[in-house]
Amino acid sequence: MNIGVDDRFSAIYNFLTFFIHSFIPGLYRYLYIPHRLPSYSAMSPSSTAPLPSLILVSSCLLGSPVRYDASHKRSHHDVLQRWITDGKVIAVCPELAGGLPVPRPSAEISRAAGGKAVWLQQAHVVDNQGDDVTPAFVTGAEEALRLAQQYNIQIAILKEGSPSCGSSQIYDGSFSGNRIPGAGVTTTLLREAGLHVFSEEQIDQAHALLQQLERSSQGE
Ligand code: SF4
């Protein structure tokens with residue numbers, strides 16, 4: 001059987017198309033969800049050595065371009081930079097962990113409700129196209145909790161205002177820029193599980209609590 005140049009070109013084209021659509025998104029997700037900093041990679045929960053106190057941090061605060069508009073919100077706070085250098089940071093983007101792409105339509109919790117109402121199935125997370133994206137937000141929150149429990153994390157620094165990561169403020173569901181008091185879907189789950197969740201504006205408070213927890217674990 002003769003295979004012509006056109007057939008060969010077509011086969012190569014099909015392979016490249018398959019590769020781009022199948023592999024590249026997977027690679028992207030591998031890099032960013034959950035994004036573990038290189039200094040952490042040597043650690044393992046099965047290690048016999050005691051793990052240092054780790055902190056769960058929103059990927060976008062670490063400079064990963066994972067927000068809905070493919071931007072980031074890197075924090076240059078001294079304490080956070082020190083934690084990164086010391087290999088104490090585990091990064092997670094719950095929305096990517098839930099399977100959402102970058103970029104994606106912005107989303108808000110409906111009916112001026114908070115994350116708790118979502119878990120109680122009294123509210124949904126809806127994007128600005130009107131699509132219900134609640135399942136992705138729930139899955140992402142569960143993945144963030146799984147990570148926190150896997151590494152015995154007690155403190156999280158999550159991006160304020162997000163329907164996933166907000167800790168004291170979120171948007172009201174009207175897509176008009178109005179903020180209301182409330183917490184996102186991931187923050188609510190982490191708090192229910194006993195984690196202390198702070199925003200990027202509260203890193204000093206988180207640092208103080210971390211030092212207190214470390215002192216008590218050392219029996220001081
Ligand atoms: S706020 Fe949370 S969910 Fe949104 S981009 Fe940052 S890490 Fe991801």
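A residue is called buried if 20 or more other C-beta atoms lie within 10 Å of its own, exposed if 12 or fewer, and partly exposed in between. With that in hand, here are the close-up views of this predicted model.

**View 1. The whole chain, with seven helices and eight strands.** Let us start with the overall picture. The chain has 220 residues, and 38% of them count as buried. Among contacts with a separation of 6 or more, 66% link residues that are 24 or more positions apart.

**View 2. Glutamine 202, in the loop between strand 8 (196-198) and helix 7 (203-217).** Glutamine 202 has 17 other C-beta atoms within 10 Å, so this residue falls in the partly exposed class. Its C-alpha atom lies 9.8 Å from that of leucine 158, although 44 residues separate the two in sequence.

**View 3. The shell of residues around the ligand.** Which residues surround the ligand? They are Ser58, Ser59, Cys60, Val66, Arg67, Cys93, Pro94, Glu95, Lys159, Ser162, Ser164 and Cys165. By character, the shell splits into five nonpolar, four polar and three charged residues.

**View 4. Serine 58, a member of strand 1 (residues 55-58).** Serine 58 is also one of the residues around the ligand. Is this serine buried or exposed? Serine 58 is buried, because 28 other C-beta atoms lie within 10 Å and the cut-off for that class is 20 or more. Beyond its neighbours within four places in sequence, serine 58 is in contact with Cys93, Ile157, Leu158, Lys159 and Cys165. Cys93, Lys159 and Cys165 from that set appear in the ligand shell too. Proline 94 sits 36 residues further along the chain, with 8.2 Å between its C-alpha atom and that of serine 58.

**View 5. Strands 1 and 2, side by side in the parallel sense.** Four bridges hold this pairing in the assignment. Leucine 56 stands opposite isoleucine 90 of strand 2, and serine 58 stands opposite valine 92. In a regular strand the side chains alternate between the two faces of the sheet. Here, Ile55 and Val57 point one way from strand 1, while Leu56 and Ser58 point the other way, and all are buried. Strand 2 (residues 89-92) is likewise covered on both faces, with Val89 and Ala91 buried on one side and Ile90 and Val92 buried on the other.

**View 6. The largest nonpolar core, with 50 residues.** Ile55, Leu56, Ala144, Ala148, Ile153, Ala156 and Ile157 have the most contacts inside this core. Helix 5 (residues 134-150) is its biggest contributor, giving seven residues. Isoleucine 157 touches Ile55, Val57, Ser58, Leu61, Phe198, Glu200, Ile203 and Ala206, leaving out residues up to four places away in sequence.

**View 7. Helix 5 and the residue that follows it.** How does the span of helix 5 compare with what its 17 residues should give? At 1.5 Å a residue, the expected span is 24 Å, and the end C-alpha atoms are 24 Å apart, so the two agree. The buried residues of helix 5 are Ala136, Phe137, Gly140, Ala141, Glu143, Ala144, Leu145, Leu147 and Ala148. An α-helix has 3.6 residues a turn, so residues three or four places apart point the same way. Just after the helix, asparagine 152 takes a positive phi of about 55°. This asparagine lies in the loop between helix 5 and strand 5 (155-157). Asparagine 152 counts as exposed, because 11 C-beta neighbours lie inside 10 Å.

**View 8. Alanine 70, in the loop between strand 1 and helix 2 (78-85).** Keep an eye on the backbone here. Alanine 70 has a phi near 65°, a positive value in a residue other than glycine. With 11 other C-beta atoms within 10 Å, alanine 70 is exposed.

**View 9. The cis peptide bond between valine 102 and proline 103.** Omega for this bond is about -5°. Where in the chain does proline 103 lie? Proline 103 belongs to the loop between helix 3 (94-97) and strand 3 (107-109).

Note on methods: Residues numbered from 1 in each chain as written. Predicted model: local features only at pLDDT ≥ 70, side-chain atom pairs only at ≥ 80, totals over all residues. Near = placed C-beta within 6 Å. Nonpolar A, V, L, I, M, F, W, Y, C, P; charged D, E, K, R; others polar. Core = buried A, V, L, I, M, F, W, Y, C linked by C-beta atoms within 7 Å. Helix = DSSP H or I, 4+ residues; strand = E, 2+ residues; numbered from the N terminus. Contact = placed C-beta atoms within 7 Å. Expected span 1.5 Å × (residues − 1). Pairing = 2+ DSSP bridges.
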